[in-house]
Amino acid sequence: MTALAQLLNMTGSLQLYRAFGPMDTLLFFLGGPLITLTTAIPITVSGIGLRELAAMEVFGRGGFPPDAAAVTASLSFLGANVIPCVVLLPLELWSIFRKEQ
């Protein structure tokens with residue numbers, strides 16, 4: 001199940017990148033893990049800023065527009081992490097509240 005979720009996340013991110021310009025599939029699948037490893041450096045909260053700079057560097061060297069790489073990295077993070085939390089947290093709190101009554 002986790003592998004399927006990761007595959008869907010990567011496929012969605014690839015399509016998001018391709019909306020901003022031509023993205024080589026091999027570059028995406030090789031550069032993506034490198035960018036993820038960069039966000040693990042404990043300098044910023046959730047790797048914010050590092051992710052965008054790494055995407056600009058990695059994908060920019062591969063011919064993808066660096067500014068589009070930064071925007072797309074941010075949008076991909078928002079879509080995979082922030083939006084689900086904003087939607088699911090109130091539902092979970094509502095569920096807990098209902099169980100207590």
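**Exercise 1. Contacts of Tyr-17**

Leaving aside neighbours within four places in sequence, which residues is Tyr-17 in contact with?

*Solution.* The model is predicted.
Step 1. Set aside the neighbours of Tyr-17 within four places in sequence.
Step 2. List what remains: Met-23, Phe-28, Ala-55, Phe-59, Phe-64, Ala-69, Thr-72 and Ala-73.
Step 3. Check the burial of Tyr-17. Its relative accessible area is 4%. The limit for buried is under 20%, so Tyr-17 is buried.

**Exercise 2. The largest nonpolar core**

Find how many residues the largest nonpolar core has, and which elements build it.

*Solution.*
Step 1. Count the members: the core has 13 residues.
Step 2. Pick out those with the most contacts inside it. They are Tyr-17, Met-23, Ala-55, Phe-59 and Phe-64.
Step 3. Assign elements. Two or more residues come from each of α1 (2-20), α2 (25-39), α3 (50-61) and α4 (66-100).
Step 4. Find the largest share: α3 gives it, with 4 residues.

**Exercise 3. An aromatic pair**

Classify the ring pair of Tyr-17 and Phe-59, and state which parts of the chain the pair ties together.

*Solution.*
Step 1. Search the whole structure: 5 aromatic pairs turn up.
Step 2. Take Tyr-17 and Phe-59. Their ring centres are 5.1 Å apart, with 75° between the planes.
Step 3. Apply the angle cut-off. Planes over 60 degrees apart count as edge-to-face, so this pair is edge-to-face.
Step 4. Place the partners. Tyr-17 lies in helix α1 and Phe-59 in helix α3, so the pair ties together parts 42 residues apart in sequence.
Step 5. Check the burial of Phe-59. At 1% relative accessibility, Phe-59 is buried.
Step 6. Widen the view. Ring pairs link Tyr-17, Phe-28, Phe-29, Phe-59 and Phe-64 into a cluster.

**Exercise 4. The largest pocket**

Describe the volume and the lining of the largest pocket.

*Solution.*
Step 1. Take the volume: about 480 Å³.
Step 2. Count the lining: 18 residues. Asn-9, Met-10, Gly-32, Thr-36 and Ser-76 lie nearest the centre of the pocket.
Step 3. Sort the lining by class: 9 nonpolar, 8 polar and 1 charged.
Step 4. Assign elements. α1, α2, α3 and α4 each supply at least two lining residues. The largest share, 6 residues, comes from α2.

**Exercise 5. Pro-90**

Is Pro-90 buried or partly exposed, and how many Å is Pro-90 from Met-23?

*Solution.*
Step 1. Locate Pro-90: helix α4.
Step 2. Read its relative accessibility, 44%. Partly exposed runs between 20% and 50%, so Pro-90 is partly exposed.
Step 3. Take the C-alpha to C-alpha distance. Pro-90 and Met-23 are 36 Å apart in space and 67 residues apart in sequence.

Conventions
Residues are numbered from 1 along each chain as its sequence is written. This is a predicted model: local features need pLDDT of at least 70, side-chain atom pairs count only at pLDDT 80 or more; totals for chains, interfaces and linings use all residues. Side-chain values use heavy atoms; hydrogens and water are left out. A nonpolar core is a set of buried Ala, Val, Leu, Ile, Met, Phe, Trp, Tyr and Cys residues joined through side-chain atoms within 4.5 Å. Buried means under 20% relative accessible area, exposed over 50%, partly exposed in between (1.4 Å probe, protein chains only). Contact means heavy atoms within 4.5 Å. On a 1 Å grid over the protein atoms alone, a cavity is a set of points where a 1.4 Å probe fits but cannot get out, and a pocket is an open set with protein on both sides within 12 Å along at least five of seven lines; lining residues have an atom within 4 Å of a point. Grid points are joined across faces, edges and corners, and a volume is the space filled by probe spheres set on the points. Ala, Val, Leu, Ile, Met, Phe, Trp, Tyr, Cys and Pro count as nonpolar, Asp, Glu, Lys and Arg as charged, and the others, Gly among them, as polar. Rings of Phe, Tyr and Trp (its six-membered ring) pair if their centres lie within 6.5 Å; planes under 30 degrees apart count as stacked, over 60 as edge-to-face and the rest as tilted.
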